[in-house]
Amino acid sequence: MVNVVVGERALHASLAELLQRCGWKVESFHAASQFLANKSFGAPSCAVLDIESLELDWFALHERMNALAMLPIIFAAGRKDVAG
């Protein structure tokens, strides 16, 4: 299971479709708060998070997610120079 958390609609749809075509089961969320509120962390999964569209600080989000479950996270950005 790959959890896609991307706010920008076109990028979200493209990424979800690409992952599905590669054989992955995809669960989609358009906001980090939606992901945290609606996700059960029982099944093996990972998350792809667009740090530019997150309404939460991505370091804080990482800590919250680790408190809930040890979930592999891929942070993605559309730019090369993302301030941390």
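Select His12 and Val6 in this predicted model. The side chain of His12 comes to 2.8 Å from the backbone oxygen of Val6. His12 sits in helix α1, which spans residues 9-21. With a relative accessible area of 5%, His12 falls under the 20% limit, so it counts as buried.

Keep His12 selected and show its surroundings. Leaving out residues up to four places away in sequence, His12 touches Val4, Val6, Ser28, Phe29 and His30.

From that list, go to Phe29, and add Phe35 to the selection. Both Phe29 and Phe35 are buried. How many aromatic pairs does a search of the whole structure find? It finds one. The pair is formed by Phe29 and Phe35, with 5.2 Å from centre to centre and 75° between the planes, an edge-to-face arrangement.

Next, select residues 46-50, which make up strand β3. Is this strand largely enclosed or exposed, and why? Five of its five residues are buried, so the rest of the structure largely encloses β3. Colour the two faces separately: Cys46, Val48 and Asp50 lie on one side, Ala47 and Leu49 on the other, and all of them are buried.

Now add the strands that pair with β3. Strand β1, residues 2-5, runs parallel to β3 and is joined to it by four bridges. To find the register here, pick Val5, which stands opposite Leu49 of β3. Then select strand β4, residues 73-76, which also pairs with β3 in the parallel sense, over four bridges. On this side, pick Ala47 and look across to Ile73 in β4, which stands opposite.

Conventions: Residues are numbered from 1 along each chain as its sequence is written. This is a predicted model: local features need pLDDT of at least 70, side-chain atom pairs count only at pLDDT 80 or more; totals for chains, interfaces and linings use all residues. Side-chain values use heavy atoms; hydrogens and water are left out. Buried means under 20% relative accessible area, exposed over 50%, partly exposed in between (1.4 Å probe, protein chains only). Two strands pair if DSSP finds at least two bridges between them. Rings of Phe, Tyr and Trp (its six-membered ring) pair if their centres lie within 6.5 Å; planes under 30 degrees apart count as stacked, over 60 as edge-to-face and the rest as tilted. A polar contact is a pair of N or O atoms within 3.5 Å; within protein, one must be able to donate a hydrogen and the other to accept it, and residues adjacent in sequence count only if both atoms are side-chain atoms. Contact means heavy atoms within 4.5 Å.
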